[in-house]
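Colleague: Hey, I've just been handed this one and don't know my way around it. Can you walk me through?

Modeller: Sure, let's put it on screen.

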Amino acid sequence: DVVFLVPPFADDGWTELLAAARARLKPDGFIYAEAGKALDAPADLGLVRHGRAGRVHYHLLAPC
């Protein structure tokens, strides 16, 4: 399972968004997030992949 997070880039509610997504994620699931900046992964999520396409930073996170 994958949770996709692509909120408006002007918003900076990543702490709350990632926590809410993590609470709904299966142990073997992933979170895909697009943001206007590089995100720091919370302690309970590991950064599997990060890249950039133009102004968009994309992240693939998984439970640690």
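Modeller: One term before we start: helices and strands here are DSSP runs, at least four residues for a helix and at least two for a strand, numbered from the N terminus. Also, keep in mind that this is a predicted model.

Colleague: Got it. So what pattern does the chain follow along the sequence?

Modeller: Reading along, you get β-α-β-β-β. In total that comes to one helix and four strands.

Colleague: And how does the radius of gyration of the chain sit with a compact globule?

Modeller: It agrees: a compact globule of 64 residues would be near 11 Å, and the chain has 11 Å. Along the principal axes, the C-alpha atoms fill a box of roughly 30 × 20 × 20 Å.

Colleague: What's inside? Which residues make up the largest nonpolar core?

Modeller: There are 11 residues in that core: L5, W14, L18, A21, L25, I31, A33, A35, L39, L45 and L61. Helix α1, residues 14-24, and strand β2 each supply at least two of them. As a general point, nonpolar side chains tend to be buried together in soluble globular proteins.

Colleague: Pick one for me. What is L39 in contact with, beyond its neighbours within four places in sequence?

Modeller: L39 is in contact with W14, A33 and H59 once those neighbours are left aside.

Colleague: What share of the chain's residues count as buried?

Modeller: Of the 64 residues, 28% do. As for the outside, the chain exposes about 4,200 Å², with carbon and sulfur atoms supplying 55% of that.

Colleague: Which residues form a nonpolar patch on the surface?

Modeller: V2, F4, F30 and V48 form one, and together they have about 370 Å² of accessible area.

Colleague: Let's take F30, then. Why is F30 called partly exposed?

Modeller: Because its relative accessible area is 32%, and partly exposed runs between the 20% limit for buried and the 50% limit for exposed. F30 is found in strand β2, which covers residues 30-35.

Colleague: Switching to the start of the chain: is D1 buried or exposed?

Modeller: D1 is exposed, at a relative accessible area of 60%. D1 lies in the segment before β1.

Colleague: And what is D1 in contact with, again leaving aside neighbours within four places?

Modeller: L25, K26, G29 and F30. D1 and K26 are 25 residues apart in sequence, and their C-alpha atoms are 7.1 Å apart in space.

Conventions: Residues are numbered from 1 along each chain as its sequence is written. This is a predicted model: local features need pLDDT of at least 70, side-chain atom pairs count only at pLDDT 80 or more; totals for chains, interfaces and linings use all residues. Side-chain values use heavy atoms; hydrogens and water are left out. Patches are made of residues with over 30% relative accessible area and no salt bridge: like charges are joined within 9 Å, nonpolar side chains (Val, Leu, Ile, Met, Phe, Trp, Tyr) within 5 Å. Accessible areas come from the Shrake-Rupley method with a 1.4 Å probe; for residues, only the protein chains shown count as cover. A salt bridge is a side-chain nitrogen of Lys or Arg within 4 Å of a carboxyl oxygen of Asp or Glu. Buried means under 20% relative accessible area, exposed over 50%, partly exposed in between (1.4 Å probe, protein chains only). The radius of gyration is taken over C-alpha atoms; the globule rule is 2.2 Å times the number of residues to the power 0.38. A nonpolar core is a set of buried Ala, Val, Leu, Ile, Met, Phe, Trp, Tyr and Cys residues joined through side-chain atoms within 4.5 Å. Contact means heavy atoms within 4.5 Å.
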